[in-house]
Amino acid sequence: MGENPDTRTIISLTDAEIGLWTSIKLISIPDYQIAQELKALNIIPGQLVKVFQKFPVFTVETEKNKIMLDKDLAAKIFVERIPDSI
């Protein structure tokens, strides 16, 4: 059977393609302080982000900001690709 083209896959932010918009679905960070700092940066479920660059510094872009993240931290943020029309 063929795969449904509408099937969405949730991946780590570190695996997202550069330049494609994604939606944050889950943040798996048990450290309360770090989670609060991400929240202050509006890195929260539902937020649209795209990877701006992966090296030398992992950088994501939101609708308003560019934010540099530690790659290990970015690996704990899970996203889903959104349609290209957005």
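Reader: Let's start with Thr22: buried or exposed?

Author: Read the relative accessible area: under 20% is buried, over 50% exposed, and anything in between partly exposed (1.4 Å probe, protein chains only). Thr22 comes out at 4%, so Thr22 counts as buried. Before you go on, this is a predicted model, where local features need pLDDT of at least 70, side-chain atom pairs count only at pLDDT 80 or more, and totals for chains, interfaces and linings use all residues. Residues are numbered from 1 along each chain as its sequence is written, and side-chain values use heavy atoms, with hydrogens and water left out.

Reader: Which residues is Thr22 in contact with?

Author: A contact means heavy atoms within 4.5 Å. Leaving aside neighbours within four places in sequence, Thr22 is in contact with Leu13, Ala16, Gln47, Leu48, Val49, Val79, Glu80, Arg81 and Ile82. Take Arg81: Thr22 and Arg81 are 59 residues apart in sequence, yet 4.3 Å apart from C-alpha to C-alpha. For the protein chain, look at contacts with a separation of 6 or more: 66% of them join residues 24 or more positions apart.

Reader: Where does Thr22 lie, and in what order do the elements of the protein chain run?

Author: Helices (H or I, at least four residues) and strands (E, at least two) are DSSP runs, numbered from the N terminus. Thr22 lies in strand S2, residues 21–27. The protein chain has two helices and six strands, and from the N terminus on they run β-β-α-β-β-β-α-β.

Reader: How is the sheet put together, in what order of strands?

Author: Two strands pair if DSSP finds at least two bridges between them. Here six strands make an open, antiparallel sheet in the order S1-S6-S2-S3-S4-S5. Strands S1 (10–12) and S5 (66–69) stand at the edges with a single partner strand each, so one side of each has no neighbour in the sheet. On average, neighbouring strands are turned by 45° against each other, direction ignored; the axes are lines fitted to C-alpha atoms. For one pair to look at, S3 (residues 48–53) and S4 (residues 58–61) share three bridges in the antiparallel sense, and Lys50 stands opposite Glu61 in S4.

Reader: What about Glu80: buried or exposed?

Author: With a relative accessible area of 13%, Glu80 is buried. Glu80 lies in strand S6, residues 77–81. Beyond residues up to four places away in sequence, Glu80 touches Arg8, Thr9, Ile10, Thr22, Ser23 and Lys25.

Reader: Which residues touch the most other members of the largest nonpolar core?

Author: Such a core is a set of buried Ala, Val, Leu, Ile, Met, Phe, Trp, Tyr and Cys residues joined through side-chain atoms within 4.5 Å. The largest has 16 residues, and Leu13, Leu38, Ile43, Val60, Leu69, Ile77 and Val79 touch the most other members. S3, S4, S5, helix H2 (71–74) and S6 each give two or more residues to this core. Try following Leu13: among the residues that Leu13 touches are Val49, Val51, Phe58 and Ala74. Across the protein chain, buried residues make up 34% of the 86 residues.

Reader: And how do I read Ile34: which helix is Ile34 in?

Author: Ile34 lies in helix H1, residues 32–40. At 32% relative accessibility, Ile34 counts as partly exposed. Outside the residues up to four places away in sequence, Ile34 touches Ile29 and Leu73. The C-alpha atoms of Ile34 and Leu73 are 9.2 Å apart, with their positions 39 residues apart along the chain.

Methods:
Axes fitted to C-alpha atoms, helices over the stretch in contact; angles between N-to-C directions.
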